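User: I've got a model open and want to talk through how its strands and helices fit together. Can you take me through it?
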Amino acid sequence: MAWARRLPAALAATQVALTCDRRGHFPAQLSAEEAKVKAHVLMGGSGGGRLAGWSRATATDQRELLARLRPEVQCTFGPVAPRGTQILVTAFPSEEDLHGCGPELKALVVPFAGLPVATQKILKDGGWEGGLQVHNVHHNSSTTAEMAIALGMAAAKQLLPADRLLRKGDWSARGLPADGDPDPMMQMSLDGQTALVLGYGEVGCRVARVLAAMNMRVIATRKTAALDDTLPEPGAVAVRPPSQLHKLLPHAQMLFICLPDTPETAGLIGDKELSLLPPGAVIVNVGRGHVIDEEAFYKALQTGHLLGAGVDCWYKYPSDVKSRASTPVSAHFDFAGCDNLVMSPHRAGSVGLASTEQQRMAALAELFNTAALHGLAAPLILAYLLVAEAKIPMGDEDAYQYSGIAMSLVDELGELVKPILAETSVWPYREAIARLQATESAALEAQRTFPALLGGSRGAISLEFVIVHCREPLQWVEEDLLPISPAGSLLTFYEKCGEEPQFSSAVTRHFGKVSVRPCRDPVDGPRGDECLGYLAHIVSNYWDLATFTVFLQADPHEHLYFSFLHVVTKMIASATYAVPFLALNGARHVRSWTPCLNAVHEAIFGEKMRDAVGPYCCAQFVVQDAKVRARPLEFYQRMIRLVDGTSQNDLCFPGKVTRSTHCYGMEFTWHLVFGEDYETPLRADDQRLPLPLRLKFGNEFIRRQWNDVVLNPSTPKKIVEEVNYDQMTVR
């Protein structure tokens, strides 16, 4: 299976544990009871024909199919499908055929491209449309693509009109340089021109590659493609969504139609669409005739708006063997009279090749085998899309490499699996694509608007790190903080123990300014811990704060993961960050209500606690200047008086304040100060946050011994399971 190439070794190993021989043959099948996939190929029966209504599959072909199947796949042949069939192969099923399979029937496989009108009616009238997946076998995609290229070349070079003239001895198409000679017959040069390929499936991909090899700019349409208005370079292929059709048509000198006949595609190309094509364009249709409006197409050929066209799929077909020699391709228009039209009697799909049935059986075998294995690829595709979505807001250049790998995996999926992935709710693939596109658009819009919106009068987003220090080692500043800090950020220390930290030239060159400000606890007063430094910075810089301020203790690695802080700083540097308040630490407090917490809360907010609180612990966070100024300066001045010695009474113990109880109480309330709810969700569960900030880093847990602390018997305790995500591996 080609799509296994990109799987991690552990997953790929599980796929190929049952290996085939050099001819692609697997060991003997499991019993019917053990089989994971049960398929039946309808041969003859009420459908009015054999495999596809006209198949020439022999007993040898059937044995070849069975030999190619994995042991967990069971396949039977015959005019009646056995009860319990999950995959039915036929182009023309009857209602009895479908019901006879029982409730286990999950998929109908039409063993060629497209869906016959009669079968569409059976499925619609019988109510099968919503619950039965319909698939095709593309064993003939190579020959169909070859026919598309042949038709396109013949039409672009006007080979048939020139051939007809030359057979009569008429060289006028060449336009020899002599007096009185007519102008030469016009033709198109493909080099550097633009080709639009509608339908980027098996056939469309092959067509696009050939056209790109001839140095054409190739644009193909696919439902899952992202919006983009740029044109590819000559020799390159770009994929766009069908919604951009009208924007793309004016650029297309050649239009290749590789689409099936569905309600969405019927009449897709009409008068308006043809008028959007540049004069002298060429159309090739190897999809289905009714994709192009019949009358509009005929007029465009007759008026010369189109240089030419090549068509293999028509509007009218013979009804029986006798009428094959006398059936025009249209009941209404004389397409045979259009000299600029190359006509083919629907023979692109390997008609006339001796190996057709062997190829069909090999394709069916691959499809059945893929059905047995489809559960492995989809999670990997979604994982790559998730990584891409997380990387875009951080400005990571490799984001699109991950999404590109995901789309390559989708292209390599078997035909049974693609609709399961893209057209059902089994896997949230469409949601993942939509999220990726929305994330890209949001990131571009943020980069365009955030500097002016968030940067204030400066018109630029600024970042400052505020660190409260007392004798702790500071090697981490150069080793851990410097590598993840945007150049030019401010670095400010509030020194509580009278030291004068010294930093290397690497630190002083990297940061826009490095400041050390004294911030001693009052003599014989309380320990203000980090709260005194944090509040001193807010009060003294209230009107001149950086756009975002990161408040850290001097041992930040004890509580946070620098890899998570790096995500924040990368988003700030990329101008995609606008979170008003974000806790940075990994651990959570037990959800608590105590008299001490209530007293500190009442002193800060002027009211009693309305609920228990259990925020991320240890007071390290990043906050936006506007969120700080959402409360008046007097509010923070009132807070600082609780820790600077002004308040003489300890709110938690009798007597004078001598401990850090007030600051400890603030540790439980910083999120409330900056407007968060009492019960803050885990970052991973907080849908307000962009995806990169919802990722888990390291141990995110509550100290389990805290669970035994008796608080208030009715107070719920928030415990997060102890898991070290940094040490997780794929097994």
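User: In S7, which residue is the bridge partner of Leu-198?

Analyst: Quick ground rules: this is a predicted model, where local features need pLDDT of at least 70, side-chain atom pairs count only at pLDDT 80 or more, and totals for chains, interfaces and linings use all residues. Residues are numbered from 1 along each chain as its sequence is written, and side-chain values use heavy atoms, with hydrogens and water left out. Strand S6 (residues 194-198) pairs with strand S7 (residues 217-221) in the parallel sense over five bridges; strands here are DSSP runs of E, at least two residues, helices are runs of H or I, at least four residues, and both are numbered from the N terminus, while pairing takes at least two DSSP bridges between two strands. In S7, the partner of Leu-198 is Thr-221.

User: Which strands stand at the edges of the sheet with S6 and S7 in it?

Analyst: That open sheet has seven strands, paired in parallel, in the order S8-S7-S6-S9-S10-S11-S12. An edge strand has a single partner strand, so one side of it is left without a neighbour in the sheet. That describes strand S8 (237-240) and strand S12 (341-343).

User: At about what angle does helix H7 run to S6?

Analyst: Helix H7 (residues 202-213) lies across S6, S7, S8 and strand S9 (254-257). Angles run from 0 to 180 degrees between N-to-C directions, with axes fitted to C-alpha atoms, for helices over the stretch in contact, and contact means heavy atoms within 4.5 Å. For H7 against S6, you get about 175 degrees.

User: Now the five-strand sheet: which residue of S2 is the bridge partner of Val-41?

Analyst: The five strands form an open, parallel sheet in the order S2-S1-S3-S4-S5. Six bridges join strand S1 (residues 37-42) to S2, and the two run parallel. In S2, Val-41 has as its partner Phe-77.

User: Which helix packs on that sheet, touching S1 and S2?

Analyst: The helix in question covers residues 59-68. Its direction makes about 165 degrees with that of S2. It's helix H2.

User: How many charged residues are in the contact of H20 with H22?

Analyst: Helix H20 (residues 595-605) and helix H22 (residues 633-640) pack at about 145 degrees, their axes 9 Å apart. H20 puts in Ala-603, Ile-604 and Phe-605, while H22 brings Phe-635, Arg-638 and Met-639. Ala, Val, Leu, Ile, Met, Phe, Trp, Tyr, Cys and Pro count as nonpolar, Asp, Glu, Lys and Arg as charged, and the others, Gly among them, as polar. The tally is five nonpolar, no polar and, for charged, one.
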